[in-house]
2 protein chains.
Amino acid sequence: MHKGLIVQKFGGSSVANLSRIQNVARRVVNYSKKGYDLVVVVSALGDTTDELIELAHKINPEPAEREMDMLLSTGEQISVALLAMAIHKLGYEAISFTGAQVGIITDTSHTRARILKINADKIKEELKNGKIVIVAGFQGVTLNQDITTLGRGGSDLTAVALAKELCARECQIYTDVAGIYTTDPHIERRAKKISRITYDEMLEMASLGAQVMQARSIEVAKKFNVPIHVRSSFSKKSGTMIVREVKRMEDVVVSGVTLNKKEAKITVCNVPDRPGVAAKIFKELSSGGISVDMIVQNVSHTRQTDISFTVNKSGLSKASRITKKIARQIQADDVLEDQDIARVSIVGVGMKSHPGVAAKMFESLAKNKINIEMISTSDISISCIIKKKSGETAVRALHEKFGLAK
Amino acid sequence: MHKGLIVQKFGGSSVANLSRIQNVARRVVNYSKKGYDLVVVVSALGDTTDELIELAHKINPEPAEREMDMLLSTGEQISVALLAMAIHKLGYEAISFTGAQVGIITDTSHTRARILKINADKIKEELKNGKIVIVAGFQGVTLNQDITTLGRGGSDLTAVALAKELCARECQIYTDVAGIYTTDPHIERRAKKISRITYDEMLEMASLGAQVMQARSIEVAKKFNVPIHVRSSFSKKSGTMIVREVKRMEDVVVSGVTLNKKEAKITVCNVPDRPGVAAKIFKELSSGGISVDMIVQNVSHTRQTDISFTVNKSGLSKASRITKKIARQIQADDVLEDQDIARVSIVGVGMKSHPGVAAKMFESLAKNKINIEMISTSDISISCIIKKKSGETAVRALHEKFGLAK
């Protein structure tokens, strides 16, 4: 009968209204019936967090981060209480806790705190009492008893950290999609759900545009080898397992294709080719709080070179201002901005041991008359910057080329 | 410069929307400017608590009280965070706390918990740091770290208890009326604001229908001699001081007139006049959770008597059912219900030492052709049950008779 512990996490869309909360309660109870111990992590109802942020900004455009955490943490507290009530209604025992109550101790970096440790005694005690334990996601508490939050997507982190601490068999992340797909099903209808994927592939896909799970929590899961199961809260089908290693029947080289249209490209033209110039540019951008993504600098044949890089569109105007200032200092010719770009990437641990993957990618894009403006590679991914209008075509072409629809 | 500590409590209507929260922030800051240390207790925004209760009942008509407290306590937590942000916006230092964070320790009676003790070290420390301390009203925490709430009007209790613990000069209760009135100004336009009233008078008036302040918190204030100042959050005028003793220039016999239309009368007719009969009725009602208010039994000249009593209308059908069952057992003739009643009362510590007050009251009612159905008296109040339609006339007549409009 006793099958071990499962941690389940339900996101905001899974608890957006009363009937969805009741749906979650039924799912949880079904697992309980099967003989699992359950710890359930819940996010705030629907858009509650965004609404609270808006309210705060109306009162103070620059709210103190400590007070912001005090405010936002109420969203998850409402969710856990309501879910407990819904489970009681089904005749099962459940008890809800805030992050503070179950001893999720964090540092003092309000609005983006890091978990230092978890004192899980209370959870263990209530599990022993036969209760389903419901924990408010996204939040913790400092040693000084101040409430903190863990940043966007922080409920994923709560779930993974609890799964690690309690040695759960599995950490189930419930969301509004059926799992991780070979690419965005809105772009390529033949996209297939991936049944197993490695932490590394998932990390690449998360940072390249797939928004199913918070990247930080995948890192933590990888570090502590927590098996994650991403699945739909509206279906009983299993979703995608994220694990350390995937033993695939077939020799899969590429696991997925991602598309990111949120970046813009900045090019500094005719930069004098001497040591320290690139460092100067990117140090200034970093001090300005600008996060730079791809960077490309070609080998130069003259005494000048071009440096291109991409930034998130939200930081473009600031990045551009800083870059122009530096360009004058280093006597570069010009700074160009381009928002009309898309980044298409292929991800797969298999490509490490398969030469020719990049060539195959470039060939496929060329065949579709798509010009490549920048190229960047990692151990398990290759990204190309192309014209924005070609993004979807590129995704479909690569999805086909690497046999992902099979 | 340092003028000591004031505790201020703002109710839900005082923080019902953003501009009212900003108004509260300005009031608080004005006191801070004058050199007072400030502890500010806040209720949930407007109707938040009622909305949360409704939400809970949709999910589970009988929600667990522990989970109810988990849910409801979020309302005040939102208020304190927003008020802190609003005060920051005015350039002042403030810090918000939940009941748990400032160590308001209660028993485990969820939804109606009693405060056991307050560990005010944290508040004292932040006051010493020069901060305005904002505390979530209505809530506390058990020794086991479960969140509790203090029952309807519980924010008053939070404020009074903190004022006692911190030896505040004054506990200011901000509300949407200007103070305590000699009677309801909606009934008698010449009702006057009372500048000083005793705890005992206030307690009588609260239990007789005046709904400005929670009765339990007045009891606590009386016990620990905490001076209370009831006043409007929309005006700078001072309101009503509630204190132990009032030295009045003139000899005020009656301080106020109250009207309560929420009760119904039950009469058991022709009850056999033998010992233990009344006890039997009221013991059963009490076991049934029915709170009985006035009880009148006349001396009987035959071997039978009538017993009348009043209950809150919400408990009428249950009370009637229980009473009818007992009536059959004790062989009484009949049980009559009457919802068409009002209770009019006069309150005043002065009446202890003034004979003839009751006669004056009855005379005044008679002169207005108002029939008295039941009479009940305490040390400092006299109540009459009359026909409901005569309620307002009675209030105006008594207000005039005892010279309260002067």
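**Overall build and pairing of the two chains**

Chain A has 406 residues, and a compact globule of that length would have a radius of gyration near 22 Å; the 23 Å found for chain A agrees with this. The model is a predicted one, and what follows should be read with that in mind. Laid along its principal axes, the set of C-alpha atoms of chain A fills a box of roughly 75 × 55 × 35 Å. Some 47% of the 406 residues count as buried. In secondary structure, chain A comes to 11 helices and 20 strands. Contacts reach well along the sequence: taking those between residues at least 6 apart, 75% join residues at least 24 apart.

Next, the way the two copies sit together. A turn of 180° with a shift of 0.1 Å along the axis lays chain A on chain B, with an RMSD of 0.1 Å. That is the relation of a two-fold axis. The C-alpha of chain A nearest to this axis belongs to A:Thr74, at 2.6 Å. Both copies use the same surface, since 100% of the contact residues of chain A recur in chain B.

As for the size of the contact, 26 residues of chain A meet 26 residues of chain B. On the chain A side, α1 (18–33), α2 (48–59) and α3 (65–89) each supply at least two of the residues that touch chain B. Of the elements on that side, α3(A) gives the most, with 14 residues. The residue already named for its place by the axis, A:Thr74, falls within the 65–89 stretch of α3.

Two of these helices can also be followed inside chain B. There, α1 (residues 18–33) packs on α3 (residues 65–89) at an angle of about 60°, and the two axes are 9 Å apart. At that angle α1(B) counts as oblique to α3(B), and the crossing is right-handed. From α1(B), the contact draws on B:Ile21, B:Gln22, B:Val24, B:Ala25, B:Val28 and B:Val29, while α3(B) puts in B:Leu82, B:Leu83, B:Ala86 and B:Ile87. The spacing along both helices fits a general rule. An α-helix has 3.6 residues a turn, so residues three or four places apart point the same way.

A second helix pair lies towards the other end of the sequence, this time described in chain A. Helix α10 (residues 357–367) and helix α11 (residues 391–401) of chain A pack at about 130°, again with 9 Å between their axes. This too makes the pair oblique, α10(A) to α11(A). The crossing of α10(A) past α11(A) is right-handed. On the α10(A) side the residues involved are A:Lys360, A:Met361, A:Ser364 and A:Leu365, and they meet A:Ala394, A:Ala397, A:Leu398 and A:Lys401 of α11(A).

Then there is A:Lys192, in the loop between β9 (170–175) and β10 (196–198) of chain A. A:Lys192 and A:Ala405 are 213 residues apart in sequence, yet their C-alpha atoms are 6.1 Å apart in space. Leaving aside residues up to four places away in sequence, A:Lys192 touches A:Tyr181, A:Thr182, A:Leu404 and A:Ala405. Even with these partners A:Lys192 counts as partly exposed, having 16 C-beta neighbours inside 10 Å.

Helix α6 (residues 199–207) of chain A is another matter, being mostly covered, with eight of its nine residues buried. The buried set runs through A:Tyr199, A:Asp200, A:Glu201, A:Met202, A:Leu203, A:Glu204, A:Met205 and A:Ala206. Charged side chains are thus part of the list, among them those of A:Asp200, A:Glu201 and A:Glu204.

Finally, a couple of backbone oddities in chain B. B:Thr111 has a phi near 75°, which is positive although the residue is not glycine. B:Thr111 sits in the loop between β4 (104–106) and β5 (115–118), where it is partly exposed, with 17 other C-beta atoms within 10 Å. B:Cys167 likewise has a positive phi without being glycine, here near 50°. The loop in question joins α5 (154–165) to β9 (170–175) of chain B. With 10 other C-beta atoms within 10 Å, B:Cys167 is exposed.

Notes
Residues numbered from 1 in each chain as written. Chains lettered and ligands numbered in written order. Predicted model: local features only at pLDDT ≥ 70, side-chain atom pairs only at ≥ 80, totals over all residues. Least-squares fit on C-alpha atoms with pLDDT ≥ 70 in both. Contact = placed C-beta atoms within 7 Å. Helix = DSSP H or I, 4+ residues; strand = E, 2+ residues; numbered from the N terminus. Rg over C-alpha atoms; globule rule 2.2 N^0.38 Å. Buried ≥ 20, exposed ≤ 12 C-beta atoms within 10 Å, placed from the backbone. Axes fitted to C-alpha atoms, helices over the stretch in contact; angles between N-to-C directions. Parallel < 35°, antiparallel > 145°, perpendicular 65-115°, else oblique. Left-handed = near helix turned anticlockwise from the far one by under 90°.
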